[in-house]
Amino acid sequence: PAGLNKRVLSFDPGETTGVADICGNQLMMFGQIPTKVVDISALNQINAVLDKYMKFGYPNLEVVIEDYKVYAWKEKEHSWAALHTPKFIGMIVGACVLRGIEPVMRMAHEPKQFFTDEKLKKLGWYQPGYRHSRDAIRHSAYQLLFKAPA
């Protein structure tokens, strides 16, 4: 695949935020961060992850963040909602931009459709009990396979 020299760090933001790092064809790291509240503690956790990668100066690092949209058919559900996830996405984007990283924003459907649980199991990347990490893994893998420069 084109992305063998790339490293992709992905975030699946929400009240529990999945994180995954794939370099070439190796799952380097995965985890989940409790981010139920959009506050300094959540920001500090994101900063710690990003700072780890900035410290090692990976020249080919890309960051992917799962995006969020309010769809017309869910409009009533979102009326007067606090919209935690979009706020937290903004926090992650801001943390990236302050480090000179322009993150890739992607909706969940493409990576989820291609990198099914079955495919993750065949790759040895399926992590039972880590639903949000699995989604972050899907984003990293999708970026490497389909979006990395040749």
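What follows is a conversation about the sheet and the salt bridges of a predicted model.

Colleague: In what order do the strands of the open sheet stand?

Modeller: The sheet is open and built from 5 strands, and its pairing is mixed. Strands of a sheet pair through backbone hydrogen bonds, either parallel or antiparallel. Read across the sheet, the order is β3-β2-β1-β4-β5.

Colleague: Which strands stand at the edges of the sheet?

Modeller: A strand with a single partner has one side left without a neighbour in the sheet, and this is the situation of two strands here. From one strand to the next, the twist averages 20°. The strands at the edges are β3 (26-34) and β5.

Colleague: Does β1 run parallel or antiparallel to β2, and which residue in β2 stands opposite arginine 7?

Modeller: Strand β1 is joined to strand β2 (residues 16-23) by 6 bridges, and the two run antiparallel. A hairpin of 3 residues connects β1 to β2. Opposite arginine 7, in β2, stands cysteine 23.

Colleague: In β4, which residue is the bridge partner of phenylalanine 11?

Modeller: Strand β1 also pairs with strand β4 (residues 61-66), in the parallel sense and over 5 bridges. Within this pairing, the partner of phenylalanine 11 in β4 is isoleucine 65.

Colleague: Which residue in β5 stands opposite glutamate 66?

Modeller: Strands β4 and β5 run parallel and are joined by 3 bridges. Across from glutamate 66, the residue in β5 is arginine 106.

Colleague: How many residues of strand β1 are buried?

Modeller: Both faces of β1 (residues 7-12) are covered, with Arg7, Leu9 and Phe11 buried on one side, and Val8, Ser10 and Asp12 buried on the other. The count of buried residues in this strand is therefore 6 of 6, where buried means under 20% relative accessible area.

Colleague: Which strands does α6 touch as it packs on the sheet?

Modeller: Helix α3 lies across β1, β2, β4 and β5, and runs at about 165° to β4. Helix α6 packs on the sheet as well, with a direction that makes about 35° with that of β2. The strands that α6 touches are β1, β2, β3, β4 and β5.

Colleague: Which residue forms a salt bridge with arginine 99?

Modeller: A search of the whole structure finds 8 salt bridges, and in this one the closest N and O atoms are 2.7 Å apart. The pair links distant parts of the chain, 48 residues apart, with arginine 99 in the loop between α3 (84-97) and β5 (104-106) and its partner in helix α1 (residues 40-56). That partner counts as partly exposed, at 38% relative accessibility. The residue is aspartate 51.

Colleague: Why does the salt bridge of lysine 112 and aspartate 135 tie together separate parts of the sequence?

Modeller: The two side chains meet at 3.6 Å, N to O. Lysine 112 is partly exposed at 41% relative accessibility, whereas aspartate 135 is buried at 6%. Because lysine 112 lies in helix α4 (residues 109-114) and aspartate 135 in helix α6 (residues 131-147), the pair joins parts whose separation in sequence is 23 residues.

Colleague: Which residues are joined into one network by salt bridges that share partners?

Modeller: Aspartate 135 also meets arginine 138 in a salt bridge of 3.0 Å, N to O. These two residues are 3 residues apart in helix α6, so about one helical turn separates them, and both are buried. The network consists of Lys112, Asp117, Arg134, Asp135 and Arg138.

Conventions:
Residues numbered from 1 in each chain as written. Predicted model: local features only at pLDDT ≥ 70, side-chain atom pairs only at ≥ 80, totals over all residues. Heavy atoms only, no water. Salt bridge = Lys/Arg side-chain N within 4 Å of Asp/Glu carboxyl O. Helix = DSSP H or I, 4+ residues; strand = E, 2+ residues; numbered from the N terminus. Buried < 20%, exposed > 50% of the residue type's maximum accessible area, 1.4 Å probe, protein only. Pairing = 2+ DSSP bridges. Axes fitted to C-alpha atoms, helices over the stretch in contact; angles between N-to-C directions. Contact = heavy atoms within 4.5 Å.
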